[in-house]
Amino acid sequence: MKEVLRFDDVSMHYHSKQGETVALTNVSFSVAEGEFVALIGPSGCGKTTLLSLAAGLLSPTKGKVISSDVSFGYMLQKDELFPWRTIEKNIFLPLEIKKANTQQNRERALALAEKYGLKQFLKNYPSSLSGGMRQRAALIRTLAVDPDVLLLDEPFSALDYQTRLSVCDDVYKIIRNERKTALLITHDISEAISVADKIFVLSRRPARVIAEHSLSFLETEPLKRRENKEFSRWFEVLWKELNA
């Protein structure tokens, strides 16, 4: 498979009046086209820094972040929908920012919204939608500009457990249906196992890659994976690595 993103011996240091903070040290991993990759690690280990580096929002102190002529879409922990804009207008926002607000692009975005169950809510304001529906709208907004790679920053963490399972399943299906590459960061082991083709385990800060695993479930849907006997085995392996 074609490699679309690679971290090559990347370190990241932050400087302030209080001194230097080392967030990442000698991090190396790659993401291939069409893969769903998860990075798991303890809270505060530098996972969000990795996504910011992937998106080009930060430059590494050392090493290289290499992407092969691909565009990125960023999905945040919270939906961040503007409350004064309708769902339709929120979905169109990236098109406006990128000066790509053409009729063709708007029609494509609306087709995605209809395809994934948002048609009847397009004229609603975010406050009238459930947390799960808002997160689905946030994903459609991210897809509106047709990015090649989706960067997912713990996108289910703000939801209650039952909603999280359902939305995780929805988001996974949409990403697979639209044939997107995805890089997810999370501290939730179960979440990573339920969606990922490949998992990289990060140490405590400064983060480094301490393990890499390729998963091969016969089941593709997250909820079905959770019922597989291999699920608990993988959970035990990853839990031990995170807590070593």
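Which residue in β2 stands opposite Ser-16?

**View 1. Strands β1 and β2 form a hairpin.** The model shown here is predicted. Gly-19 in β2 is the residue that stands opposite Ser-16. Strand β1 covers residues 3-16, and strand β2 covers residues 19-32. The two strands run antiparallel, joined by 10 bridges. Between them sit 2 residues. A general point helps when looking at strands like these. In a regular strand, side chains alternate between the two faces of the sheet.

**View 2. Strand β1 also pairs with strand β4.** Strand β4 spans residues 62-67. It runs antiparallel to β1, and 5 bridges join the two. Look for Ser-11 and its bridge partner in β4, Lys-62. So β1 has bridges to β2 and to β4, by the rule that two strands pair if at least two bridges are found between them.

**View 3. Helix α2 is mostly covered.** This helix runs from residue 87 to residue 97. Of its 11 residues, 8 are buried. They are Ile-87, Glu-88, Asn-90, Ile-91, Phe-92, Leu-93, Pro-94 and Leu-95. What covers these buried residues? The cover includes helix α3 (103-115) and helix α4 (131-143). After α2 comes Lys-99. Its phi is positive, near 55°.

**View 4. Ile-140 belongs to the largest nonpolar core.** This core has 49 residues. Ile-140 is one of those with the most contacts inside it, along with Phe-36, Ile-91, Leu-152, Ile-193 and Ile-199. Which residues does Ile-140 touch, leaving aside neighbours within four places in sequence? Its contacts are Ile-91, Ala-109, Leu-112, Ala-113, Tyr-116 and Leu-118. Another core lies apart from the largest one. That other core has 25 residues, among them Leu-24, Phe-29, Val-37 and Val-70. Such groupings fit a general pattern. In soluble globular proteins, nonpolar side chains tend to be buried together.

**View 5. Asp-169 is found in helix α5.** Helix α5 covers residues 161-177. Is Asp-169 buried or exposed? Its relative accessible area is 6%. Buried means under 20%, so Asp-169 counts as buried. The side chain of Asp-169 makes a polar contact of 3.1 Å with the side chain of Lys-173. Helix geometry is worth recalling here. An α-helix has 3.6 residues a turn, so residues three or four places apart point the same way. Leaving aside neighbours within four places in sequence, Asp-169 is in contact with Glu-221, Pro-222 and Leu-223.

Note on methods:
Residues numbered from 1 in each chain as written. Predicted model: local features only at pLDDT ≥ 70, side-chain atom pairs only at ≥ 80, totals over all residues. Heavy atoms only, no water. Helix = DSSP H or I, 4+ residues; strand = E, 2+ residues; numbered from the N terminus. Buried < 20%, exposed > 50% of the residue type's maximum accessible area, 1.4 Å probe, protein only. Polar contact = N/O pair within 3.5 Å; in protein donor to acceptor, adjacent residues only side chain to side chain. Contact = heavy atoms within 4.5 Å. Core = buried A, V, L, I, M, F, W, Y, C linked by side-chain atoms within 4.5 Å.
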